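Colleague: Please choose one part of this structure and take me through it slowly, starting from a single pairing and working outwards to whatever surrounds it. I am new to this, so please explain each term when you first use it.

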Amino acid sequence: MHRHTVRLSALAPLAQLMVLAAVVAPLGGTARAASRELTLVKEGVPTAVIVLAAQPTKAAQLAAFELQHHVRLVTQAEVPIVTEDVTNAGVRLLVGESAATRALGLTNDSFANQEYLIRFLSDAVVLMGRDKDDRGKVEYDYVRTPNAVEGWPSLYDEHGTMYAAHDFLEKYCGVKWINPTDSGTLYETRSTLQVKGGELRRRPAMTFRGGSAAYESALYQYAGGLWNRGTDGARAYMAAAYPRLTAAFTNEAHRDGLPLRAQNRLFQYRMKAGGELFMSNHSFYNFYERFLKSDHQNFEGAHPEYFAQGYDGEPPQLCYANPATIAQVVADIRDYFDHGGYRKVLTGIGATGYTWGRNNFSLEPMDNAAFCRCSLCTPQYEMDRAAGNSQHSTYWFRFVNSVAREIGKSHPDKFVSTLAYMTHEGLPTGFGLEPNVAVHFCISGNRMGAGGSELYRAQFARLTEWRKQQPATPMYLWLYNTFPWEVAYNGRFYCYPGFFAEEAARQLKSFAKLGVQGIFHCGFNGEVENYITYRLMDDPTLDADRLMQGYFAAYGKAAKPMRAWYELAERRFMDPEAYPLAGGKPYQGHQNVQIAWEYLGNARTMARLGELFDRARRAETTGDAAKRLALWDKGVWSYMQQGRATFLERMQAPIPSVTAPRVAAAKGDPAQVDWAKAADVGDKWYLRGGKDPSKRTFKGRVCHDGDFFYLELVEEGVSADRLVTSPQVFPFDVWEPLFARQRAQPFRQYGIGPSGSTSALSYGEINWRQCVPMTETGIRAVSDTTGNRWVSRLSWPLATIVDQPVKPGETLYMNILRTSNRALTDDGSVGIDTWVPYCTVREVDRLGEVKLAP
């Protein structure tokens with residue numbers, strides 16, 4: 001197979017390509033299958049035309065350009081695009097609604113949402129489907145016109161004609177797409193292109209095939225999906241993957257903006273990504289600025305009754321049992337539907353006119369389980385239900401039903417959508433859902449490998465119960481395909497990639513059998529996994545093994561060793577015996593750096609993968625197959641090798657350990673601690689969390705009294721006038737202790753400024769959310785900046801220093817960072833010094849050990 005990069009600069013605008021014809025010729029033939037092959041190109045000469053209406057939809061224009069582009073790749077011949085119809089034109093590819101299709105009784109309204117048709121006639125092929133009635137001019141050349149993509153249809157606009165064109169190219173012209181790179185299109189070159197078929201009329205199986213913000217942006221599968229932006233690995237991959245864009249846009253930021261977004265978008269069109277937008281997510285954060293924060297520009301008036309009761313500071317939730325809250329939500333939804341979306345920019349609502357979907361509004365509480373403590377709400381909680389997934393289900397879905405009933409009266413054709421998530425994952429007790437409620441069930445264990453196998457089985461069982469008990473409820477899914485990469489990104493380590501294409505195929509087929517109508521992918525990561533997922537969301541009846549075989553055929557003679565490489569990598573990720581034992585059974589939980597490279601990507605596995613990749617290299621692949629192999633090397637294999645090497649290097653460095661002695665009770669008051677009996681943490685500190693010693697002098701001491709943990713931190717030789725205090729604590733001059741119960745997330749980051757002000761942030765405690773402000777940790781701080789030194793003395797309740805209580809005799813994991821203003825460093829950069837070597841900002845796999853004496 002060969003692929004030749006089309007010279008997009010040679011493409012003319014649509015108006016220049018169209019051959020204007022005043023006469024509409026009658027269309028011969030019938031709707032029956034053609035009895036002969038239709039020749040599109042013969043010996044390098046086009047014998048067909050692509051026919052558009054005089055004022056075609058944007059979707060039809062793009063479909064025509066895509067047909068022309070790919071036929072040129074296959075044959076080196078350019079099939080002309082004409083308007084309406086011409087006499088003596090040879091074979092006609094009728095793209096979108098036109099006079100010719102209307103003569104056949106086919107109009108845009110002949111099709112349901114997302115439905116499309118391929119129909120072979122004796123001298124033509126009909127390629128059309130339901131399109132959004134948007135007829136502005138389309139620019140296809142995104143190199144010459146970098147902002148061209150801004151005029152293209154959204155993935156969520158109706159563009160059935162494009163579905164038809166891409167299916168035609170794949171099924172009848174032998175074109176296939178595996179990724180958006182310059183070598184991601186597969187086909188066999190030939191000088192003559194003939195096609196033959198009957199009729200195909202269908203729509204994708206899942207109506208909503210969505211993903212997070214990067215799904216529609218230049219960030220889709222950026223740098224192969226693993227390397228972080230700005231790294232040498234990312235740059236090497238991007239230059240090799242997108243040589244045409246790299247040559248055209250020497251500025252990396254320009255290349256990675258609209259042009260890359262356009263190339264990604266074309267690939268997603270080809271894979272039928274998008275569909276009917278039907279989102280659900282947290283939707284009430286805007287209530288704070290509208291009804292609580294009087295100084296906010298969106299403030300509408302004080303309504304404390306809308307908010308959760310029983311908390312100090314800012315309420316973490318609304319009071320969902322209060323009739324006033326319900327009335328306000330109903331009014332908001334009616335206004336939203338009446339005006340086609342939100343009428344102003346709010347928190348979580350990025351633009352005026354934003355919609356969750358044309359036919360739905362999302363109801364979902366804040367991303368925490370701290371619900372209202374008032375007398376209306378608390379009796380509805382079922383705290384005896386299965387831990388962590390159903391305690392608030394009855395409470396929440398009673399609120400959803402209350403809103404849905406009112407919306408049904410005014411907007412009977414609309415839905416409210418909500419998540420089955422966290423403590424409202426299970427079914428409500430004693431009642432069903434209103435007919436205008438749609439549920440998006442969140443499955444967070446789908447891509448955790450064997451580490452999430454128990455969680456996935458439990459969640460799938462609850463999903464099955466939902467379908468059994470609520471058979472008429474539209475059911476969607478929220479999947480976490482961002483794992484394990486997101487865990488590694490937040491934890492600042494290299495992950496063992498989440499190879500799970502065969503497992504993903506099994507999951508998707510199971511979801512389809514349950515009647516799942518759509519999926520939102522929270523992250524979309526991994527070339528093979530994405531390919532399989534796209535194909536099975538469109539048609540879950542496809543044979544997964546054949547799809548895998550078709551994908552790896554892209555590597556030419558290296559196909560066999562590459563598939564063996566992938567299968568070994570996936571088996572390792574999915575094998576419970578590859579994980580360490582925890583409590584006598586295989587580890588269950590998110591990946592950490594130790595799981596990644598001491599267990600999954602251990603020396604034996606990496607050696608075997610290396611042998612297979614060497615076999616693939618020796619297979620003498622040529623052309624684009626060789627380029628694809630090189631991209632796998634740069635995007636996946638090199639990343640894994642770097643991850644393993646970095647792990648070995650870092651783990652050779654010492655990790656400090658100290659025993660915190662038990663001292664006389666000080667009741668949490670740092671000033672009352674007998675610091676002379678505290679343990680010294682040592683005088684070795686490290687520059688920028690690396691291996692080089694700090695250039696300044698830091699000290700520390702630790703102890704506990706059975707109820708509180710105490711920490712003293714000292715910097716010598718710094719005067720008060722050189723310290724910079726931030727009102728928000730971060731950034732500038734701050735002590736930053738990090739604490740966890742393990743060398744992995746979740747963890748907490750504390751900040752203490754020169755004035756004694758404090759801040760606290762959590763990472764990974766709730767739905768893997770990062771940098772979440774905390775107000776109730778119990779931290780106390782005393783700061784002294786006199787005497788040419790800065791001394792901070794701190795205390796925390798052992799019950800709240802981390803996400804679970806810590807007891808005497810147990811171990812707490814800690815690092816201490818001293819971040820400094822630029823004037824205190826010798827290179828003018830923000831300073832970072834750490835207690836633990838090879839462990840810097842938010843890195844937790846090498847936290848030091850603090851043993852709490854009994």
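**A strand and its surroundings**

Modeller: Arginine 119 has valine 126, a residue of strand 7, as its bridge partner. Before going further, please keep in mind that this is a predicted model, in which local features need pLDDT of at least 70 and side-chain atom pairs count only at pLDDT 80 or more, while totals for chains, interfaces and linings use all residues. Residues are numbered from 1 along each chain as its sequence is written, and side-chain values use heavy atoms, with hydrogens and water left out.

Strands here are DSSP runs of E with at least two residues, and helices are runs of H or I with at least four, both numbered from the N terminus; two strands are said to pair if DSSP finds at least two bridges between them. Strand 6, residues 116-120, runs antiparallel to strand 7 and is joined to it by 5 bridges, and a hairpin of 3 residues leads from strand 6 to strand 7. Valine 126 also stands opposite leucine 94, for strand 5 (residues 91-95) pairs with strand 7 in the parallel sense, over 4 bridges. Strands of a sheet pair through backbone hydrogen bonds, and they may do so in either the parallel or the antiparallel sense.

Strand 7 itself covers residues 124-129, and 6 of its 6 residues are buried, where buried means under 20% relative accessible area, exposed means over 50%, and partly exposed lies in between, with a 1.4 Å probe and protein chains only. In a regular strand the side chains alternate between the two faces of the sheet. In strand 7 both faces are covered, with Ala124, Val126 and Met128 buried on one side and Val125, Leu127 and Gly129 buried on the other.

Stepping outwards, the whole sheet is open and has 6 strands in the order 4-3-5-7-6-11, with mixed pairing. Strand 4 (81-83) and strand 11 (199-202) stand at its edges with a single partner strand each, so one side of each has no neighbour in the sheet. From one strand to the next, the twist averages 20 degrees; the axes behind such angles are lines fitted to C-alpha atoms, for helices over the stretch in contact, and the angles run from 0 to 180 degrees between N-to-C directions. Towards one edge, strand 3 (residues 48-52) and strand 4 run parallel and are joined by 3 bridges, with leucine 52 opposite threonine 83 of strand 4.

Helix 2, residues 58-75, packs on the sheet and touches strand 3, strand 4, strand 5 and strand 7, its direction making about 165 degrees with that of strand 3; contact means heavy atoms within 4.5 Å. Strand 7 also has helix 4 (residues 160-173) lying across it, along with strand 5, strand 6 and strand 11, and helix 4 runs at about 45 degrees to strand 6.

One residue shows how these pieces come together. Leaving aside its neighbours within four places in sequence, phenylalanine 168 is in contact with residues including Leu67, Leu93, Ile118, Phe120, Val125 and Leu127. Phe168 is also one of the residues that touch the most other members of the largest nonpolar core, which has 195 residues; such a core is a set of buried Ala, Val, Leu, Ile, Met, Phe, Trp, Tyr and Cys residues joined through side-chain atoms within 4.5 Å. Helix 2 gives the most to this core, with 10 residues. Another core, of 48 residues, lies apart from it and has Val681, Tyr750, Ile752 and Leu761 among its members.

Finally, one backbone detail lies just ahead of strand 6. Glutamine 114, in the loop between helix 3 (99-103) and strand 6, has a positive phi of about 75 degrees although it is not a glycine. Its relative accessibility is 4%, so glutamine 114 counts as buried. For contrast, glutamate 620 also has a positive phi, near 60 degrees, in a residue other than glycine, but glutamate 620 is exposed, with a relative accessible area of 59%. Glutamate 620 is found in the loop between helix 19 (603-617) and helix 20.
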